[in-house]
Amino acid sequence: MRQSLTDPYGRTFSYIRLSITDRCNFKCHYCLPNGYQCTPGQEKHLELEEIKRLINGLDDLGVTKIRITGGEPTLRPDFLKIAEYIASKPHIKTVALTTNGFRLKQRIQSYYDAGINHLNVSIDSLDPATFTAVTQMRGLEGIFEGLAMALELPFSHVKINTVLLRGINDQSLNEFTEWIKHRPISLRFIELMRAADNKEYFEAHHVHASNVKNQLLEQGWSIKPREKNAGPAVELTHPSYEGRIGFIAPYSKDFCSTCNRLRITSRGELRLCLFGNENHSLRPHLQKDEDKDQLIAKIHKLLNIKERSHHLQEGKYGITKHFASIGG
Ligand code: SAM
Ligand code: SF4
C-alpha cells in the first residue's frame, strides 16, 4: 500500500534528491576547486541493484519526484539504466536530472529516451570565458547547443541553475533576462552556500538573493503565487518574457517551512537536511528485496528526528565538505 512521508512539523516529503556518484569532471571554484579527489578506503557507491531496491522503497513511500544528481551523475556508466528504472515506477511522475551539461549535445536525446522529464543544467555565466573561469572547463557553446535541442524535445521543464557569485555574475542580470526573453527556460538563481571546504570563496562571493530579486521587482517582474506543496523556491514572471526566474535562498527567513525534500548520498545514506550533522545509512536494508519493509520502517522512523529548521544563521552549515558529496 502507498504511504506518505511526513515529519512532526506536518511537512510531507514527496521529493528525493538521489546522488549516484560524488565524482565530477568539472572543478567549480565553489565546489571542487582542485577537482575530484578519491578518498582511499572509502566505501563504494551503491550498485545498480541496491539503487533499484531503494527506488522500490521510495515508490511505496509516496515519493513522486526523484532528482538524479551527484557529483556529475552522467559520468556513471549505468546512469541511463538508473533513470529508466525510476521512470518505470508508475507513481514516480517526475524523473529529474541535474547535470553540468558535459556532452549535453551528444546525449540529450538519450536522456529524454530514458524517461527523464525535468532537466536542470548548471550554467553560472553566459560568457564562455567567465564560464571557464568558474568551472575550469571549456565547452559552454556545446551546452548551449544541447539546450537548444532540449527545448525542441517535450521535456516538461528545462531549468538552468546559476549560483549567484559576487564579482562574477551578479552584474549580469540583464544578460540573463535577455537570454530567457524568448526561451521557455526557468532560470534558478541559487544563493552561494557555505560548506566546510569553501570558507574563503564564500566570504568573497556570497550575494544575498534578495538583492537580485528586488532589482527584478523594480523592472516589472512579479512573484508567482505559490502552488500547493511547492518547494522553497520563489518564482518570478514577467508578461514580456517567455522564461521565468526562480530563487533558492536558504539564508532567507522561513526557507525551511516549505521543505519537501530529502537527500540520499551515493553511498546510500539518508540526509534529513542539506545542512544537517548526520548521515543515516540505509545500505544494510538494500541488500535483499525482502528487506523493503525494514527500509520503509527505518525511513519513517528517521523522519521523526528531522529538525524544524537548519542553523545557517548561527553559522552552522553541517557536515557537507562540498556539494559534490551530497548533490546540492
Ligand atoms: N554536477 C552537477 C551540476 O553541477 O549540476 C550536479 C551536482 S551539483 C553539486 C548540483 C548543484 O549544486 C549545481 O547547480 C551547483 O551549481 C550547485 N552548487 C554546488 N556547490 C554549491 C554551493 N556551495 N552553493 C550553492 N550551490 C552549489
Ligand atoms: Fe562538479 Fe557540479 Fe560541483 Fe561543479 S557544482 S564541481 S559540476 S559537482
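This short presentation covers two ligand sites, two helices and three individual residues of a predicted model.

Good morning. I shall begin with ligand 1. Its shell comprises 19 residues, and the closest of them are Tyr30, Gly71, Ser122, Asn161 and Met193. Divided by class, that shell holds 7 nonpolar, 10 polar and 2 charged residues.

Three polar contacts deserve mention. The side chain of Tyr30 places an N or O atom 3.1 Å from an oxygen atom of ligand 1. Gly71 takes part through its backbone, where a polar atom is 3.0 Å from a nitrogen atom of the ligand. Thr99 likewise offers a backbone N or O atom, 3.3 Å from an oxygen atom of ligand 1. As to coverage, ligand 1 on its own has 540 Å² of accessible area, and the protein covers 95% of it. The elements that contribute two or more residues to this shell are strand E3 (94-99), strand E5 (157-164) and strand E6 (186-191).

I turn to ligand 2. The residues around it are Cys24, Phe26, Cys28, Cys31, Leu32, Gly71, Asn100 and Ala324. What is the make-up of this shell by class? It has 6 nonpolar and 2 polar residues, with no charged residue. Gly71 is listed around ligand 2, and it is also one of the closest residues to ligand 1.

Next, the helices. Helix H2 spans residues 79-88, and within it Phe79, Ile82, Ala83, Tyr85 and Ile86 are buried. These residues occupy an arc of only 160 degrees around the axis, and are therefore on the same side of H2. The general background is that an α-helix has 3.6 residues a turn, so residues three or four places apart point the same way. Which elements cover the buried residues of H2? The cover includes helix H1 (48-60), strand E2 (65-69), E3 and H3.

Helix H4, residues 128-135, has Phe131, Val134 and Thr135 buried. Viewed down the axis of H4, the buried residues lie within an arc of 85 degrees, so they line one face of the helix. They pack against helix H5 (140-152).

The residue that follows H4 is Gln136, and it brings me to the backbone. In general, most residues other than glycine have a negative phi. Gln136 is not a glycine, yet its phi is positive, at about 60 degrees. It sits in the loop between H4 and H5 and is partly exposed, with a relative accessible area of 34%. Arg103 also has a positive phi, of about 55 degrees, without being a glycine. Its place is the loop between E3 and helix H3 (104-113), and a relative accessibility of 44% makes it partly exposed.

Finally, Arg283. This residue belongs to the loop between strand E12 (280-281) and helix H9 (292-303). Is Arg283 buried or exposed? It is buried, because its relative accessible area is 12% and the cut-off for buried is under 20%. Its side chain makes a polar contact of 2.9 Å with the side chain of Glu43. Leaving aside residues up to four places away in sequence, Arg283 touches Glu43, Lys44, His45, Leu46, Glu47, Glu50, Arg267 and Gly268.

That concludes the presentation. Thank you.

How values were computed:
Residues numbered from 1 in each chain as written. Chains lettered and ligands numbered in written order. Predicted model: local features only at pLDDT ≥ 70, side-chain atom pairs only at ≥ 80, totals over all residues. Heavy atoms only, no water. Buried < 20%, exposed > 50% of the residue type's maximum accessible area, 1.4 Å probe, protein only. Helix = DSSP H or I, 4+ residues; strand = E, 2+ residues; numbered from the N terminus. Arc of directions from axis to C-beta. Contact = heavy atoms within 4.5 Å. Near = heavy atom within 4 Å. Polar contact = N/O pair within 3.5 Å; in protein donor to acceptor, adjacent residues only side chain to side chain. Areas by Shrake-Rupley, 256 points an atom, 1.4 Å probe, with all protein chains shown as cover. Nonpolar A, V, L, I, M, F, W, Y, C, P; charged D, E, K, R; others polar.
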